[in-house]
Amino acid sequence: VEHIKDVCRRVARAGFAAIAPDLLSRQGGVQQFPEPTQQTAAYGRTTAEERRIDLISALDYLKFTPFVHHDRIGAVGFCAGGANTWDLAVNLPELRAAVPFYGAPPAVELVSRVEMPVLMINAERDRNLTARIAPVMTEMLARQKVFGVRVYEGVGHAFHNDTGANYNAEAACAAWAETIAYFNKWLRA
């Protein structure tokens, strides 16, 4: 949770509006689950459709605030949030950019629905998830989608989470700089 709050602060410092919806709100909110294992179990009780509805509702709220350009919305997520970012990329064509960090990519047959530029950020030592991006990249190339991919060498899953055991400051800072550069390219006027 602290990592997500920090990401929101960093997005705001970069000049963007940010929102981090509590995807456990249907179960009383993340504060009801003080232990990480409880949070993981509660998240496991959510469905992709519920998460998508909640994320789209949060984006709708954000879009209608006076300082947000409703036609320049991006999404970034980490781990399960990376998978949710992919889900939005497949199901919300109005997004202008998506940056999933080591999140499970969509099924290859869904890639045709991706309309926005996607920057995939993965970790070399996160072999399972990183290997799953190859067919997605191939399909994106075949469909002439705009995308980038970065696999950080020598790091594992969750290397960006500065509250976790796999945190790698050098890779995290570089990946964040790439994320903001991507958003600057695709979300600025």
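In this predicted model, a search of the whole structure finds 8 salt bridges. Three of them are set out below with the separation of their closest N and O atoms.

| Salt bridge | Closest N and O atoms |
|---|---|
| Asp54 and Arg26 | 2.9 Å |
| Arg72 and Asp71 | 3.9 Å |
| Glu139 and Arg143 | 2.7 Å |

The salt bridge between Asp54 and Arg26 links distant parts of the chain, since Asp54 lies in helix H3 while Arg26 sits in the loop between helix H1 (2-13) and helix H2 (36-44), 28 residues apart. Asp54 counts as buried because its relative accessibility is 16%, below the 20% limit for that class, whereas Arg26, with a relative accessible area of 47%, is partly exposed. In the pair of Arg72 and Asp71, Arg72 is partly exposed at 22%, and Asp71 is likewise partly exposed at 40%. Arg143, the partner of Glu139, is partly exposed with a relative accessible area of 43%. In addition, salt bridges that share partners join Asp60, Lys63 and Glu94 into one network.

Turning to the nonpolar interior, the largest nonpolar core has 22 residues, of which Leu88, Leu95, Met116, Val118 and Met140 touch the most other members. Two or more residues each come to this core from helix H3 (48-63), helix H4 (80-91), strand S3 (118-123) and helix H6 (133-142), and H4 gives the most, with 4 residues. When residues up to four places away in sequence are not counted, Met140 touches Trp86, Val111, Val114, Val118, Met120, Lys145, Val146 and Phe147. Apart from this core lies another, of 21 residues, which includes Val99, Tyr152, Tyr182 and Leu187.

Definitions and conventions:
Residues are numbered from 1 along each chain as its sequence is written. This is a predicted model: local features need pLDDT of at least 70, side-chain atom pairs count only at pLDDT 80 or more; totals for chains, interfaces and linings use all residues. Side-chain values use heavy atoms; hydrogens and water are left out. A nonpolar core is a set of buried Ala, Val, Leu, Ile, Met, Phe, Trp, Tyr and Cys residues joined through side-chain atoms within 4.5 Å. Buried means under 20% relative accessible area, exposed over 50%, partly exposed in between (1.4 Å probe, protein chains only). Contact means heavy atoms within 4.5 Å. A salt bridge is a side-chain nitrogen of Lys or Arg within 4 Å of a carboxyl oxygen of Asp or Glu.
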